[in-house]
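Here's a quick briefing to read with the model open. The backbone oddities come up early, then the sheets, the ligand site and the charges.

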Amino acid sequence: MDKKELAAEVARLKEEKNAVILAHNYQIGEVQDVADYVGDSFGLAQKAAEVDAEVIIFCGVHFMAESAKILAPEKKVILPVKEAGCPLADMADVEAVRAKKKEHPDAALVAYVNTSAAVKAEIDVCCTSSNAVKVVESLPEEKIIFLPDKNLGQYIADQTDKEIIIWEGYCITHHRVDLEELKKAREAHPEAPIAVHPECQPEVVREADYVGGTSGILKFARETDAQSIIIGTEMGMLHRLKKENPGKTFYLLSPRLICVNMKKTTLEKVAESLQNLSPQIEVEEEIAQKARKSLERMLAIK
Ligand code: CIZ
């Protein structure tokens, strides 16, 4: 089957199985193009809860599909590639989180959504890259343990007077980008503002013109008068940015901004997972209940 036939087969199977396809902004173009919704992990988890379908094909990585299952427990949530994980999420486990909590009993625990359901069950509230500062500011505690991304943690610490105890994790994709690359990109395209993800290293973040998660970067690209923009986040974003802004030019800040886990999902895998309705994501009920509270508490913060 060629790609066009495969996309048609995906559309047919979707109908037959009463499924919707949700794809993360970092997925490959051909997967984004067959999706019903493309967005960030939190937007997609909200969509999962809202949509009227029995089956969710979640094209992203494991923790994202888990969040979707937690917010939409009655639906079948399928992650087309079981091995699509998140090394950042794996950098915080339950034992270490409990130990940190014991060390700082007066601190609130805030976790980036890039964590397992089991870790979400241990914390006070979740956040995304776009609402992290707001979530921290909304808490009564003056001391915050932030996990698992140290770069996002430092970004928060730079924006708040609260004491932030920063976990030692990082996104292996965004952490690779260095200041030299940023300087070179600026020299090559002096007219283009630089928009980066807060998972990049602090020296990169501090030199950027805009800092935000994928939904923030999409908004910035849409609203800026600049006709060319340098993008400092995973390369999958270029597909959507170009599609939604046909008149603008986008440059990737570094060729190393590629997440191998996000690239595991192909159109063939999407078709296969729809056909077999597997691999399914399950979250143990007790963990799901506690993790749901952390996600819902974030949602309630205006
Ligand atoms: O939460 C997400 O979707 C991630 C991993 C990045 C972002 O900023 O959207």
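**Briefing notes**

Asn 18 sits in the loop between helix 1 and strand 1; helices (H or I, at least four residues) and strands (E, at least two) are DSSP runs, numbered from the N terminus. This is a predicted model, in which local features need pLDDT of at least 70 and side-chain atom pairs count only at pLDDT 80 or more, while totals for chains, interfaces and linings use all residues. Residues are numbered from 1 along each chain as its sequence is written, and side-chain values use heavy atoms, with hydrogens and water left out.

**Backbone oddities**

- Most residues other than glycine have a negative phi, and most peptide bonds are trans.
- Asn 18 goes the other way on phi: the value is positive, near 50°, in a residue other than glycine.
- Leu 147 and Pro 148 are joined by a cis peptide bond, with omega about -5°. Pro 148 is in the loop between strand 7 (143–147) and helix 8 (150–159).
- Another cis peptide bond links Ser 278 and Pro 279, and its omega is about 0°. Pro 279 belongs to the loop between helix 13 (267–276) and helix 14 (285–300).

**Sheet with strands 1 to 4**

- Four strands make an open sheet, ordered 2-1-3-4, with parallel pairing; two strands pair if DSSP finds at least two bridges between them.
- At the edges you'll find strand 2 (37–39) and strand 4 (76–78), each pairing on one side only.
- On average, neighbouring strands of this sheet are turned by 20° against each other, direction ignored. Axes here are lines fitted to C-alpha atoms, for helices over the stretch in contact, and angles run from 0 to 180 degrees between N-to-C directions.
- Strand 1 (residues 19–24) and strand 3 (residues 55–59) run parallel and are joined by five bridges. Ala 19 has Val 55 as its bridge partner in strand 3.
- Helix 3 (residues 41–50) packs on the sheet and touches strand 1, strand 2 and strand 3, its direction making about 170° with that of strand 1. Contact means heavy atoms within 4.5 Å.

**Sheet with strands 9 to 12**

- Here four strands form an open sheet in the order 10-9-11-12, again with parallel pairing.
- Strand 10 (210–211) and strand 12 (249–252) are the edge strands, so to speak the outer rails, and each pairs on one side only.
- Two bridges hold strand 9 (residues 194–196) to strand 10, and the two run parallel. One pairing to look up is Ala 195, whose bridge partner in strand 10 is Tyr 210.
- Helix 12 (residues 237–244) lies across strand 11 (228–232) and strand 12, at about 170° to strand 12.

**Ligand site**

- Around the ligand are His 24, Tyr 26, Asp 40, Ser 41, Met 64, Val 113, Asn 114, Ser 129, His 197, Gly 213 and Thr 214, where a residue counts if one of its heavy atoms lies within 4 Å.
- For a ligand oxygen, the distance to a side-chain N or O atom is 2.6 Å at His 24, 2.7 Å at His 197 and 2.5 Å at Thr 214.
- On its own the ligand has 270 Å² of accessible area, and the protein covers 96% of that; areas come from the Shrake-Rupley method with a 1.4 Å probe.

**Charges**

- There are 21 salt bridges, each a side-chain nitrogen of Lys or Arg within 4 Å of a carboxyl oxygen of Asp or Glu.
- Arg 12 and Glu 9 form one, with the closest N and O atoms 3.1 Å apart. Arg 12 and Glu 9 are separated by about one helical turn because they are three residues apart in helix 1 (residues 3–17).

Note on methods: A polar contact is a pair of N or O atoms within 3.5 Å; within protein, one must be able to donate a hydrogen and the other to accept it, and residues adjacent in sequence count only if both atoms are side-chain atoms.
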